[in-house]
Amino acid sequence: MRLERFASKEDLYARAVDIIVNAKNEGATTFGLATGGTMEPLYAEICETNIDFTNCISFNLDEYVGLSAKHEQSYAFYMYKHLFHHKPFEKSYLPNGIADNPTEEAARYESLLQQHSLDFQLLGIGQNGHIGFNEPGTSFDSLTHLVTLEESTRQANARFFDSIDEVPTQAFTMGIQSIMRAKSILLIAVGEDKRDVLERVLASKFTEEIPASILMKHPNVTILTDLQKGENVQ
Ligand code: F6R
């Protein structure tokens with residue numbers, strides 16, 4: 001695991017763009033993508049570059065159940081707005097939030113993932129340690145599945161909706177095993193509200209209660225943070 005700390009968010013996101021450009025230059029063609037507040041500045045930066053993803057495939061980590069791709073808070077809409085509209089991929093996959101049969105949809109998505117192994121996976125992290133929407137307690141062996149979101153996750157994401165009541169209660173997410181199969185992983189943890197969880201992840205105690213703790217076992221993971229050493233982060 002490589003941990004890189006940055007004094008400014010600007011430098012952090014510039015480094016993240018470099019890592020993605022380098023991965024692509026070294027032959028990565030299949031990218032696992034994330035949404036959320038952490039990724040918005042990154043995608044804005046990527047849109048300013050001349051990187052071309054038109055020969056690449058993307059898979060998003062997750063999607064809310066009950067929201068169609070046209071819903072403004074769906075992750076399909078988010079991706080179109082922040083990235084795909086400006087930087088299209090040859091093909092972009094997300095779970096279908098309005099699939100009739102959630103079990104079949106999870107299996108379909110996992111099967112697609114297994115057909116196209118991920119060269120690169122981008123991750124944010126929840127304050128409870130979730131990666132994708134793998135909430136605490138999720139098996140490290142999990143594949144793509146339907147989850148019931150923790151109340152704290154719904155509250156953290158309520159800022160994107162008009163009210164908490166509109167935040168879906170369920171989502172599809174790649175599993176932890178699906179994520180760990182990626183050849184390289186970049187996790188970005190930005191802001192004070194990620195301090196506690198980052199400290200817990202870096203403590204390297206592998207526990208399903210902190211889903212991101214498994215990343216310490218991945219052979220090629222980089223963590224970028226703006227949290228400085230000496231403030232309880234190792
Ligand atoms: C989003 C995702 C989540 C977020 C996490 C952090 O696709 O999979 O794990 O990365 O909830 O969200 P933000 O960046 O909004 O703090």
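**Entry 1: terms and model**

I take helices (H or I, at least four residues) and strands (E, at least two) as DSSP runs, numbered from the N terminus. I note that the structure is a predicted model.

**Entry 2: the cavity**

I looked for enclosed space and counted 1 cavity of 30 Å³ or more. I record a volume of about 40 Å³ for the largest cavity. Which elements each supply at least two residues of its lining? I found that strand 2 (30-33) and helix 2 (39-48) do so. I then listed the lining of this cavity residue by residue: Ile20, Phe31, Leu33, Tyr43, Ile46, Phe53, Leu83, Phe89 and Leu122. I sorted these lining residues by class and obtained 9 nonpolar, no polar and no charged.

**Entry 3: the ligand and its neighbours**

I turned next to the ligand and asked which residues around it come nearest. I found 14 residues around the ligand, with Thr38, Asp62, His130, Gly132 and Lys194 coming nearest. I sorted the shell by class and noted 3 nonpolar, 8 polar and 3 charged residues.

I then looked up individual distances to oxygen atoms of the ligand.

- For threonine 38, I read 2.5 Å between a polar side-chain atom and an oxygen atom of the ligand.
- For aspartate 62, I read 2.6 Å between an N or O atom of the side chain and an oxygen atom of the ligand.
- For lysine 194, I read 2.8 Å between a side-chain N or O atom and an oxygen atom of the ligand.

I next checked how much of the ligand is covered: on its own it has 410 Å² of accessible area, and the protein covers 93% of that.

**Entry 4: the largest pocket**

I asked which pocket corresponds to the space taken by the ligand, and found that it is the largest pocket. I record about 760 Å³ as the volume of this pocket. I found 40 residues in its lining, and among these Gly36, Gly37, Asn157, Arg159 and Phe160 lie nearest the centre of the pocket.

I traced the lining back to secondary structure. I found at least two lining residues from each of helix 1 (9-25), helix 2, strand 4 (62-64), helix 3 (75-84) and helix 5 (151-157). Which element gives the largest share? I noted helix 3, with 5 residues. I sorted the lining of the largest pocket by class and obtained 16 nonpolar, 16 polar and 8 charged residues.

**Entry 5: the second largest pocket**

I record about 310 Å³ of space in the second largest pocket. I found that 16 residues line this pocket, of which Ile19, Ala23, Glu26, Ser184 and Asn220 lie nearest its centre. I identified helix 1 and strand 9 (184-189) as the elements that give two or more residues to this lining. I noted that helix 1 gives the most, with 4 residues. I sorted the lining of the second largest pocket by class and obtained 6 nonpolar, 5 polar and 5 charged residues.

**Entry 6: recurring elements**

I close by cross-checking the elements. I see helix 2 listed for the lining of the largest cavity and also for that of the largest pocket. I see helix 1 listed for the largest pocket and also for the second largest pocket.

Technical notes:
Residues numbered from 1 in each chain as written. Predicted model: local features only at pLDDT ≥ 70, side-chain atom pairs only at ≥ 80, totals over all residues. Heavy atoms only, no water. Near = heavy atom within 4 Å. Polar contact = N/O pair within 3.5 Å; in protein donor to acceptor, adjacent residues only side chain to side chain. Areas by Shrake-Rupley, 256 points an atom, 1.4 Å probe, with all protein chains shown as cover. 1 Å grid on protein atoms, 1.4 Å probe; cavity = no way out; pocket = protein on both sides within 12 Å on 5 of 7 lines; lining within 4 Å. Sits in = over half its atoms within 2 Å of the grid points. Nonpolar A, V, L, I, M, F, W, Y, C, P; charged D, E, K, R; others polar. Points joined across faces, edges and corners; volume = space filled by probe spheres on them.
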